[in-house]
Protein chains: 2
Amino acid sequence: MELDERKVKILKAIVSTYLETGEPVGSRTISKFTDLNLSSATIRNEMSDLEDMGYICQPHTSAGRIPTDMGYRFYVDSLMGEKIEAEEERGNLLQRVDKMEKMLKQVAKVLAVNTNYATLVTMPQYNNTVKFIQLSHVDDETLLAVIMVEGNIVKNKLIKTTYNLKNDEILKFNILLNTFLQGASLEDINLELISTMKTQAGEYAEILETIFQGIMEAIHEADDLKVYTSGATNMLKYPELINSESAEKLLGTLEDIEDKEEFIKYMEEVVQKENSDIQILIGQENRSEDLKDCALVTATYQMPEGGKGTIGIIGPKRMDYKKVVTMLKNLTGELDEIFNNNE
Amino acid sequence: MELDERKVKILKAIVSTYLETGEPVGSRTISKFTDLNLSSATIRNEMSDLEDMGYICQPHTSAGRIPTDMGYRFYVDSLMGEKIEAEEERGNLLQRVDKMEKMLKQVAKVLAVNTNYATLVTMPQYNNTVKFIQLSHVDDETLLAVIMVEGNIVKNKLIKTTYNLKNDEILKFNILLNTFLQGASLEDINLELISTMKTQAGEYAEILETIFQGIMEAIHEADDLKVYTSGATNMLKYPELINSESAEKLLGTLEDIEDKEEFIKYMEEVVQKENSDIQILIGQENRSEDLKDCALVTATYQMPEGGKGTIGIIGPKRMDYKKVVTMLKNLTGELDEIFNNNE
DNA sequence: TGTTAGCACTCAAATATTTCGAGTGCTAAC
DNA sequence: GTTAGCACTCGAAATATTTGAGTGCTAACA
């Protein structure tokens, strides 16, 4: 069977009506509210066809039709085909804040409030090139290492030492560390480099080892992709999700998303493989079982220094895709703007 | 009317039965499951008295009795009277982690998982005595200020300058800042001190102003009492809360609790006024409207350096107080232990 | 005077029953 | 190919019915 133009029109009408109302849509509704001028009976025939083709289904006999994942997919794809122009009133959503962290939290919040879906925003990911390292004396047995990496991200770590370093010794360590590590990315720091440094350190080799270890821990630490979520409780607003037995699990997932290695990995993957900036995954298309009744819409933003992060929305499959996509485009646009102006 | 021993026994039996079952408890139940050997009729009479006295009430005629806030209060008070011995198997709950932040998150998580209530943990509050300040060069127009305050909390801030400071100039600033600010608490930093510093800075007074401002911002910033919550979704497990119209609001409150100045202030207040380490607020006893159907149980922990923070649980009034209190005692005990060993 | 058995009454919750109507599929006619 | 008409389906809502735990009250008993 073929998906002719009329079928397409009907399908789109069904999906968009369903997106609005959340009720299964019947043949009469479509007959009345499209410009096709077809009777309900004809629509019924077409609907029957569309059902055979897998785009729509009935939640039970004698109910209207609702889109299948495939139906949503078709709708979304054709939506993406149309050019979505960013709305005129942009630039007002975000207030300028200096701290990256706050900014991203704000983005998550803004998104959640404006869309009524759950949102998540990841920190931009850098390749962690070291900009500089600063060691300071805290007390007799503690040092503070401050490491600034590409993207002006500051990490710090307290390091316990057995030997009480004097100020001039710390200074020497600072010089040594910076000489070797400045500009180095994680991959650059290999065993060879380390042993060279140790040779240079001479009698201090052992302490260097301790310090070095602390520094590496610090660099890796914040690396574990922070995710900010917001509006998780918005999920409660969608009955189709609440009834689904996974609702509580989903909320839980969102709550402690920071722990869910797996989930984060998944997000990363999504970011990686997309070429376009907007990516939509519907229902079963999501690998994660928790999301099987949801749709995930993500967009990437880019930092001037090359960092890359994701803004995403999790909501019911019955989601206002158009609004969400526009929203995401606006926000990533705004982020770009802010970051570029800041530089 | 007087609350004689028998009435007390019956009241306690009612409350504790209700805590277990969540159902209104009737006279027969009490008659059967207490060692009083009284018929249900007698119990009924006593219950009627207890109702007159305000300790229990009926959700509707011809239902059993449930405790009023006053009833809970009586129960909890008498519970607190008994000595609660910490459980033997303590010390295993928390894994040692180095970062304060992680540790507190873990505490929140452990509590949430073990109790099935929502939990919140605040960062310890210090009086923010400056331990030392370290200024570093980032690029031509940016400085990094790292400030360590009492309790080994590290704060940092990027400061934009108009004038490109050279290394030796930065060194001078470092010395200047540390000379004046080391050991200073927030109250110590007043206008007089600032103007003295400016005089010392001479031609650099203006830049000092900028830097100083940045530093003050940094110190204040993290000061805004971070709160970690966990297990907010546990609230969904308690039907009595879900039906209450405030459920969603409550969840929302928990979700972005970091913004709710008001709420945080409230917590602080609770911490302030308590002399004993455990504080319980039931229903209307809570100032916050959002908590009117909940109970809030808090405990304070103390850092060796004098910092003070709060661990708390939010749950339904029908809460396993005994377990929660024991749990909190254990955890604060563990925290103390860890902090002391660490030092 | 305190305790208890007995009984009529109440009322939420569970269960069963009915009604309603939106929606379908099919057929026959245009 | 389109449409009107009709019998049929079935969930949801409304309504009725049953059930049972629980109460308060009274009268009798120790």
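Here, Ala, Val, Leu, Ile, Met, Phe, Trp, Tyr, Cys and Pro count as nonpolar, Asp, Glu, Lys and Arg as charged, and the others, Gly among them, as polar. Keep that in mind as we walk through this predicted model.

**Stop 1: the DNA.** Select DNA strand D and the 20 residues around it; those that come nearest are Ser39(A), Thr42(A), Ser62(A), Gly26(B) and Ser27(B). Colour this surface by class and you will find twelve polar, five nonpolar and three charged residues. Now switch to the cartoon view. Two or more residues of the surface come from each of α3 (40–53) of chain A, α2 (27–33) of chain B and α3 (40–53) of chain B. Which of these gives the most? That is α3(B), with four residues.

**Stop 2: the two copies.** Lay chain A on chain B: a turn of 179° with a shift of 0.0 Å along the axis brings them together with an RMSD of 0.1 Å. The copies are therefore related as by a two-fold rotation axis. To find the axis from chain A, pick Val146(A), whose C-alpha is the nearest to it in that chain, at 4.0 Å. Both copies use the same surface, as 95% of the contact residues of chain A recur in chain B.

**Stop 3: inside chain A.** Give a colour each to domain 1 (5–81), domain 2 (100–125 + 225–342) and domain 3 (130–221) of chain A. Where domains 1 and 2 of chain A touch, eight residues of domain 1 are in contact with ten of domain 2. On the domain 1 side, α1 (5–21) and α4 (69–81) of chain A each supply at least two residues, and α4(A) has the largest share, with five. By class, that side holds five nonpolar, one polar and two charged residues.

Note on methods
Residues are numbered from 1 along each chain as its sequence is written. Chains are lettered from A and ligands numbered from 1 in the order in which they are written. This is a predicted model: local features need pLDDT of at least 70, side-chain atom pairs count only at pLDDT 80 or more; totals for chains, interfaces and linings use all residues. Copies are superposed by least squares on the C-alpha atoms of residues with pLDDT of at least 70 in both. Two residues are in contact if their C-beta atoms, placed from the backbone, lie within 7 Å. A residue is near a molecule or strand if its C-beta atom, placed from the backbone, lies within 6 Å of it. Domain bounds come from an automatic or database domain assignment.
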